[in-house]
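Me: I would like to go through this model and its ligand site with you. Can we take it step by step?

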Amino acid sequence: MKIKQSGIIGLGAYVPKKIVTNFDLEKIMDTSDEWIKTRTGIEERRFVEKGEATSDLAVEAAKRALKCANVSIEEIDMIIVATCTPDYQIPSTACVVQKKIGAINAAAMDLGAACSGFIYGLTVAKGLVGIGTYKKVMVIGAEVLSSILDMSDRNTAVLFGDGAAAAIVSEVEEGFGLLSTHLGADGDLKETLGIKSGGSLHGTTAATLEGKEHFLRMKGQEVFKFAVKALPTATLEALKLANLKSEDIDLIVPHQASRRIIEAASKKIEVPMEKFFLNLSKVGNTSAASIGIALDEALEKKLIKKGDIIAITGFGGGLTFGSIIMKWCY
Ligand code: UT7
């Protein structure tokens, strides 16, 4: 069987309107704009208003991606929503999106790989389109991380924001699209980033609520150490699979978690910082949405043109990591 070449034929992103600056956070917790900017590069992030859910952000991003790809919603045969902040445990957020957007011909599922979710989702889409199971797959990374932040925990609350991005993956001309993908995971580090209660192991009780175990917790330094190794490893492995070298990369769009992590990765893979696209100062870390939101902004700023070699690379809870090398299709 001949594997079809697949790629992103349209992209869209959406962030909620409410801007929360570092100065706003200074007013509610023991932190400072200076600390947050120096340690991460983040200056502000977007938070949803009450009642706005992950699916709402996902739908807005999806509509923009469909428009960009010039594809009708009826053509979508599969919706994958990568998220760690689903609307509900059941049903999947993908099913909620499917209903809200009227994707009557689409199967729908959520994917859990935290901040690597967009890369994992694109990899699944590449497989599904590649072997001809589906023609058009919508991959969405969407998060309302503000819903799992403990605003009294400065270790995590200052880092994250809300947002969504969507990509339409379809067959593309030979030599273009998703050239290679490298994914990985290290479950040994599962304790470094996560939510302790509310799952099947420790269900929600009055005691878990009292202990604030339904909020996201992170061992920042351990995640940092993992990230500075995982980002370069994933990118270099994906490059090798695509038969390309670091100098072939035109633009690299990393997970927008921390400027320091990205600077360390830049040195290791020998790609200068000028080739990294960063928008974390304005949106913070939006987990599964982060790479897609940044990619969309880079396109809007006309930093990407047809034929460019684009690397996307990320890491996140699990811990997971991954990278994809693309030859841009439009
Ligand atoms: O998508 C995956 C997301 N996760 C990440 O990317 C996290 C990766 N980790 C990091 O980027 C860094 O570890 C952080 C930015 C989270 C923290 O930076 P750090 O240089 O590792 O700081 P630290 O945790 O060693 O803390 C240094 C000090 C501590 O005070 P003492 O013990 O030295 O007095 C913290 O209590 O900074 C304090 N601190 C803060 N101070 C002001 C921690 N958070 C804050 C804060 N504001 N928000």
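Me: From which domains does the shell around the ligand draw at least three residues each?
Reply: This is a predicted model. The shell is shared between two parts of the chain. At least three of its residues come from each of domain 1 (6–176) and domain 2 (178–327).

Me: How many residues surround the ligand, and which are the closest?
Reply: The shell holds 20 residues. By class, they divide into nine nonpolar, seven polar and four charged. The closest are Thr31, Arg39, Cys115, Gln221 and His255.

Me: Which helix gives the largest share of the shell around the ligand?
Reply: The ligand sits in the second largest pocket. Four elements give two or more residues to the shell: helix H2 (33–40), helix H6 (154–157), helix H8 (220–241) and helix H9 (259–269). The largest share is four residues, and it comes from H8.

Me: What is the distance from the polar side-chain atom of Thr31 to a nitrogen atom of the ligand?
Reply: The cut-off for a polar contact is 3.5 Å between N or O atoms. A polar backbone atom of Gly220 lies 2.9 Å from a nitrogen atom of the ligand. For the Thr31 side chain, the distance to a ligand nitrogen is 2.7 Å.

Me: Which residue has a side-chain N or O atom 2.9 Å from an oxygen atom of the ligand, and what percentage of the ligand's exposed area does the protein bury?
Reply: The side-chain partner of that ligand oxygen is Asn285. Taken alone, the ligand exposes 950 Å². The share of this area that the protein buries is 74%.

Me: Where are the cis peptide bonds that precede Pro91 and Leu319?
Reply: The bond from Ile90 to Pro91 is cis, with omega near 0°. Gly318 and Leu319 are also joined by a cis bond, with omega about -10°. Pro91 belongs to the loop between strand S4 (78–82) and helix H4 (93–101). Leu319 is in the loop between strand S12 (309–316) and strand S13 (320–327).

Me: What is the phi of Asn70, positive or negative?
Reply: Asn70 is in the loop between helix H3 (54–69) and S4. Asn70 is a residue other than glycine, and its phi is positive, near 55°.

Notes. Residues are numbered from 1 along each chain as its sequence is written. This is a predicted model: local features need pLDDT of at least 70, side-chain atom pairs count only at pLDDT 80 or more; totals for chains, interfaces and linings use all residues. Side-chain values use heavy atoms; hydrogens and water are left out. A residue is near a molecule or strand if one of its heavy atoms lies within 4 Å of it. A polar contact is a pair of N or O atoms within 3.5 Å; within protein, one must be able to donate a hydrogen and the other to accept it, and residues adjacent in sequence count only if both atoms are side-chain atoms. Accessible areas come from the Shrake-Rupley method with a 1.4 Å probe; for residues, only the protein chains shown count as cover. On a 1 Å grid over the protein atoms alone, a cavity is a set of points where a 1.4 Å probe fits but cannot get out, and a pocket is an open set with protein on both sides within 12 Å along at least five of seven lines; lining residues have an atom within 4 Å of a point. A molecule sits in a cavity or pocket if more than half of its atoms lie within 2 Å of its grid points. Ala, Val, Leu, Ile, Met, Phe, Trp, Tyr, Cys and Pro count as nonpolar, Asp, Glu, Lys and Arg as charged, and the others, Gly among them, as polar. Domain bounds come from an automatic or database domain assignment.
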